[in-house]
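Visitor: I would like to learn how to read a model of this kind, feature by feature. Could you take me through it, giving the general idea and then the case at hand?

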Amino acid sequence: MTSSLTSPVEETQEVRETAGTGLLPVASSARTRAAVRELARPYRLLALGGFGTLVVATAIGLLTQPLLGRIVDLAAGRPGGVDSITVVVLLLVAVAVVQGVLTGIGVSRIARLGETVLARLRERFVERVLGLPLERVERAGSGDLTVRVTGDVSLVADAVRSALPELARSVVAIVLTLGALAVLDWRFLVAALLAVPVQAYTARWYLRGAVPLYAEQRVVTGKLQQQLLATIGGATTVRALRLEQDHTARVTRRSRAAVDITMRGVRLVLSFYCRLHVGEFIGLAAVLGVGYWLVRDGSASLGTATAAALYFHSLFGPINAALVLLDDAQKATAGLSRLVGVADLPLPEEPARPAAPQDASVTVTGLVHAYQDGHRVLHGIDLTLAPGERVALVGASGAGKTTLAKLVAGIHRPTEGTVRLGGVDLAALGPAAVRRSIALVTQETHVFAGPLAEDLRLAKPDATDAELRAALARVDALTWAEALPDGLGTVVGDGGHRLTSAQTQSLALARLVLADPPVALLDEATAEAGSTGARALEKAAARAVEGRTALIVAHRLTQAATADRVVVLDAGRVVESGTHDELRAAGGRYAALWEAWAGMRG
C-alpha cells in the first residue's frame, strides 16, 4: 500500500545533494551540529549530571600524583617514617576506589545521553524515509539507503557507546591536569604547554584532511553497495544476457575505489600518530628540565618534581585518546551528516483545506510521464473508472502498466496531466487522504517479523481478533492461518515461520480488506503464487476488491476475462478498451494476446 508519515518541518534546511549521483542529501557540518543540539536539548540535566560527575571523579584522581610525590619525599629521607608511607598508600587506595565508582557513574550517564539522542535521531530518520515520496527513494537507490540505515547508524552508535564517554572523560582529565600542574608551579604548566602547538597543528592538519576524506568514503561505500545489490539481485538477468564480465568489471572498479580511499585514510592516521609522538617528546623533556632546575634551585622538592612529571605523563593517555578519537569522531560525523541529511528532508505538505472526493471514481486525463527527460514511458493517457468498476490493465512487458498504477496511487507525480479521485486532483487531496483512499498491492509483498496478527494490524491498528479472522476468511486465508503452530499468534517473517508465496499474497489481500480503501490497485498481485493455487488466489483478489473501484494490472488473462472492462496498453498508449468479449470479437491486440495465452495453457 502507499504509505508515508507527515509532520511539519521545523528545521532550517541546510543540506547538499550528492552531485550527479541521485543519492540522498548530506547535511552540512553546521546543520549537523545544530541538529545534535536540538535533539540533546531536552536532556540538559542528564548531560550536566554526567559531566559534573566526571569532573569530580577526575579531580579526586588528580590526588594520585601528589601522594606518589609524597612517598618519594618520605623515601628520600623526609620526616614521617614507615607509618606515614602506610597512610599515604591507604589514601591512594581510597582515591582509586572513589574515582572508579564516580567515573563509572559519569560515563554511564554520558552513554545514556548519547544513546537517547541517537534513538531520537534514528526515529526521525525512519519517519522521514517512510514519509518520502517513493520515487525519491527509488531514484536514490536501495544501496545508498541501506548503507545509511546499517553502516552509518552503526558508526554513530559505536561512537556514542565508546568514543563519546571516553572523549568526555579525556577532555575533563586534560583540563584539570593542566590546572594541577599550575598549582604545583606555574613553570611546570608553561613547560607542558610547549607540546600544545605541535599537537594543535597536528589536530588541525588531521581534521582538514579527515572530514572530506571520510565523507567521500561513505559515498564510495554507498555506490559499491548499490552496485553489489544490483548485480546480485539481478544475477539471473546478468547471466541470461551474458553480462558477467561487464558487471564484474563494475564491481571491481568500485571495490578498487573503496580500497584506495581506505588506504588514504590509513596513511593519514599513520602520519597523525607520528606527529603526536613529537609533541609528547617535546613536552616531557621540557617538564623534566624544569623539574631538574627547580629542585637544584631549591624551589621545589624532589616529590613535587616527580608529581609534575607524573602529571604530564598522565596526559599522554587522555590527549592521545582525545586525538585518536578524532578519527572515530570524523567517521561518525560523516555518518551523522548523512543521517541528518535525510532527517531534514521536507515531507510532502498537506493542503490547508483538503478537498473531499465526491465518490470513488478515478479520472486520468492527458497523462504523460518520463523517468528521464526526453524518454516518455506514457503518452497522453485518458482513462476513467466509474465508482465500483473493476478494470483490468493488460499489455506486454514494458507497456507502462506499473507506471500507470503508481501514478494513480500517487506514488509518482505525472510529468503532464492529472489524476483525479472523485473529481478532485490528488495534489488537492493531500498525501494523508490519498493514503486513506487508495491502496496499492504489488507482487513484492513484505512479511514483517512478528506475530501474524500484528502483521495484519499494520493496516488497521485497532482491529479486533474477529475483524482479523473476517478479513482472512474473505480472502480464503483463515484455514491456513489457524493451522499455523500458534494460529494468528504465530511469529512470521525473518526468524519465524516461513510463509509460502501464495500465503504471503493472501496476507497482503487481507491487509487490503482491513484498510478498506474505496480504490484498490493490484499490480500483478497474484503473479508470485505460481501456477499451483493461482485460480484460488485470483478469486481471493476478486473478493478483496468487491465494492471498490479497482484497477488490476493483470498477470493472468483470466483476471481480465472476469473484469468489468479491459484496457490494453502498448508502448505507453491506450490502444483498446472494452469488455473481454468485445475485445476478443474485435480481433485486435487483446484478441492476439488472449489467443497466445490460451495456446500456452494448452
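Guide: Let us begin with one charged side chain: R457 counts as buried, because its relative accessibility is 15% and the cut-off for that class is under 20%. R457 forms a salt bridge with E454, with 3.2 Å between the closest N and O atoms, and E454, at 44% relative accessibility, counts as partly exposed. Please keep in mind throughout that this is a predicted model.

Visitor: How many salt bridges does a search of the whole structure find, and what is the general idea behind such pairs?

Guide: Side chains of opposite charge can pair when their charged atoms come close. Here, the search of the whole structure finds 17 salt bridges.

Visitor: Which parts does the pair R469 and E482 tie together?

Guide: R469 and E482 form a salt bridge in which the closest N and O atoms are 3.2 Å apart. Because R469 lies in helix α16 and E482 in helix α17 (residues 478-482), the pair ties together parts that are 13 residues apart in sequence. As for accessibility, R469 is partly exposed with a relative accessible area of 33%, and E482 counts as partly exposed at 44%.

Visitor: And where do R548 and D516 lie?

Guide: The side chains of R548 and D516 meet in a salt bridge of 2.7 Å, N to O. R548 lies in the loop between α19 (534-544) and β12 (549-553), whereas D516 lies in the loop between α18 (501-515) and β11 (519-523), so this pair ties together parts that are 32 residues apart in sequence. R548 counts as buried, at 4% relative accessibility.

Visitor: How should I read the buried positions of a helix, for instance those of α1?

Guide: An α-helix has 3.6 residues a turn, so residues three or four places apart point the same way. In this model, helix α1 (residues 29-40) has 12 residues and reaches 17 Å from its first C-alpha to its last, close to the 16 Å expected at 1.5 Å a residue. The buried residues in α1 are R31, T32, A34, A35 and L39. They cover an arc of only 165° around the axis, which puts them on the same side of α1. R31 also belongs to a network of salt bridges that links it with E38, R124 and D344.

Visitor: What is S361 in contact with, leaving aside its neighbours within four places in sequence?

Guide: S361 has its place in the loop between α11 (302-343) and β3 (362-372), and at 12% relative accessibility S361 counts as buried. With those neighbours left aside, S361 is in contact with L385, A386, P387, R420, L421, G422 and G423. In addition, a polar contact of 2.6 Å joins the side chains of S361 and D359.

Visitor: How far apart in space are V196 and T248?

Guide: V196 and T248 are 50 Å apart, C-alpha to C-alpha, with their places 52 residues apart in sequence. V196 is found in helix α8 (residues 196-233) and is partly exposed, with a relative accessible area of 37%.

Visitor: Finally, where is confidence lowest, and where is it highest?

Guide: Where pLDDT is low, the predicted coordinates should not be read in detail. The protein averages a pLDDT of 81, and 92% of the residues score at least 70. Confidence is lowest in strand β1 (residues 15-16), at a mean of 44, and highest in helix α16 (residues 465-474), at 92. Over residues 1-21 pLDDT stays under 50, although the model has 67 contacts beyond four places in sequence for them.

How values were computed:
Residues numbered from 1 in each chain as written. Predicted model: local features only at pLDDT ≥ 70, side-chain atom pairs only at ≥ 80, totals over all residues. Heavy atoms only, no water. Helix = DSSP H or I, 4+ residues; strand = E, 2+ residues; numbered from the N terminus. Expected span 1.5 Å × (residues − 1). Buried < 20%, exposed > 50% of the residue type's maximum accessible area, 1.4 Å probe, protein only. Arc of directions from axis to C-beta. pLDDT = per-residue confidence, 0-100. Contact = heavy atoms within 4.5 Å. Salt bridge = Lys/Arg side-chain N within 4 Å of Asp/Glu carboxyl O. Polar contact = N/O pair within 3.5 Å; in protein donor to acceptor, adjacent residues only side chain to side chain.
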